[in-house]
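Let us take a friendly walk through this chain together, starting inside and working outwards. Please keep the view open as you read.

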Amino acid sequence: MALGLAVLALSLAPALAPAQEGARDSVVYVLSPASRFQVKTGKAGLLGFAGHEHVIAARAFTGRIVHYPGSPADSRVAIVVPADSLEVLTPPDTAEIRKVTEAMRTQVLHVDEYHEIALVSTEVTPTDSGFRILGRLTLAGQTRDVAVDVRVRIDGDTLWATGRFSVKQTDFGIKPYRGGPAGTVRVADRVTLDLEAVAVRSPVP
């Protein structure tokens, strides 16, 4: 996880620098295992009706949120997911889950070469219900700009945040998975990422 820690350090550094008093006013939240990160795929192709939509979950992740209550736009977010922790959850057939998970890791994400998926904020704008986050998503070794609208609630030492955004696999150099006779059943290019973050206040600012 050395790369992941480096990404976190670089992404959080700007948030710690604006002013000496800023560091005292910031609150650091660390992602807890109660968080949920999922990818949902659609169906495409001539026989798309015969295929399956898949829900893919991250079984491991790290991340931090640096929040400035007095200056929310200075807040920062960084999330890192080990690529080989992604696992297909649906359809419920166990044999197919193993087959699709293996194909996703080896043929689509190439996890042996690209070990991590990272989302790092570059700009945070407060909204009525939370924040609009502009960031850089790194997937399969390619980095692209993304925008995520998140709803945020803070209660005591716990922060909850939910958001959803979509990307095209081909924008990251990924060839959507194909299967079935002559590749007639395939996964749609656009996939949806759902974020449900639960983060706990860190005693170390």
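A residue is called buried under 20% relative accessible area, exposed over 50%, and partly exposed in between, with a 1.4 Å probe and protein chains only. At 15% relative accessibility, Leu195 counts as buried. This is a predicted model, in which local features need pLDDT of at least 70 and side-chain atom pairs count only at pLDDT 80 or more, while totals for chains, interfaces and linings use all residues. Residues are numbered from 1 along each chain as its sequence is written, and side-chain values use heavy atoms, with hydrogens and water left out.

**The chain as a whole**

The chain has three helices and twelve strands; these are DSSP runs, numbered from the N terminus, with helices being H or I of at least four residues and strands E of at least two. Of the 205 residues in the chain, buried ones make up 45%. The exposed surface comes to about 11,000 Å², and carbon and sulfur atoms supply 54% of it; the areas come from the Shrake-Rupley method with a 1.4 Å probe, and for residues only the protein chains shown count as cover. Contact here means heavy atoms within 4.5 Å. Among contacts between residues at least 6 apart in sequence, 62% join residues at least 24 apart.

**Two cavities**

Rolling a probe the size of a water molecule over the atoms shows where empty space is left. A cavity is a set of points, on a 1 Å grid over the protein atoms alone, where a 1.4 Å probe fits but cannot get out, and its lining residues have an atom within 4 Å of a point. Grid points are joined across faces, edges and corners, and a volume is the space filled by probe spheres set on the points. How many cavities of 30 Å³ or more does this rule give? The count comes to two.

For the linings, Ala, Val, Leu, Ile, Met, Phe, Trp, Tyr, Cys and Pro count as nonpolar, Asp, Glu, Lys and Arg as charged, and the others, Gly among them, as polar.

| Cavity | Volume | Lining by class |
|---|---|---|
| Largest | about 510 Å³ | 27 nonpolar, four polar, one charged |
| Second largest | about 250 Å³ | 14 nonpolar, four polar, no charged |

The largest cavity is lined by 32 residues, and Val39, Ile56, Leu86, Leu109 and Leu139 lie nearest its centre. Strand β12 (residues 185–201) gives the largest share of this lining, with five residues. The second largest cavity is lined by 18 residues, and the closest to its centre are Ile65, Val77, Ile133, Val150 and Ala161. Strands that each supply at least two residues of that second lining include β4 (62–67), β9 (142–155) and β12. The largest share there, four residues, comes from β10.

**Residues in the strands**

Leu195, the buried residue from the start, sits in strand β12. Its C-alpha atom is separated by 4.9 Å from that of Phe37, although the two are 158 residues apart along the chain. Neighbours within four places in sequence aside, Leu195 is in contact with Arg36, Phe37, Leu119, Val148, Ala161, Thr162, Gly163 and Phe165.

Val30 belongs to strand β1 (residues 27–31) and is partly exposed, at 33% relative accessibility. The C-alpha atoms of Val30 and Arg64 are separated by 4.6 Å, with their positions 34 residues apart in the numbering. Not counting residues up to four places away in sequence, Val30 touches Gly63, Arg64, Val198, Ala199, Val200 and Ser202.

Is His67, in strand β4, buried or exposed? With a relative accessible area of 12%, His67 is buried. Its side chain makes a polar contact with the side chain of Ser75 at 3.3 Å. A polar contact is a pair of N or O atoms within 3.5 Å; within protein, one must be able to donate a hydrogen and the other to accept it, and residues adjacent in sequence count only if both atoms are side-chain atoms. Beyond four places in sequence, the contacts of His67 include Asp25, Tyr29, Phe131 and Ile154.

**Two loop residues with positive phi**

His110 is found in the loop between α3 (94–108) and β7. Phi of His110 is near 50°, a positive value in a residue other than glycine, and His110 is partly exposed, with a relative accessible area of 37%. Ala140 lies in the loop between β8 and β9. Ala140 is not a glycine either, yet has a positive phi of about 55°; at 12% relative accessibility, Ala140 counts as buried.

Notes: 1 Å grid on protein atoms, 1.4 Å probe; cavity = no way out; pocket = protein on both sides within 12 Å on 5 of 7 lines; lining within 4 Å.
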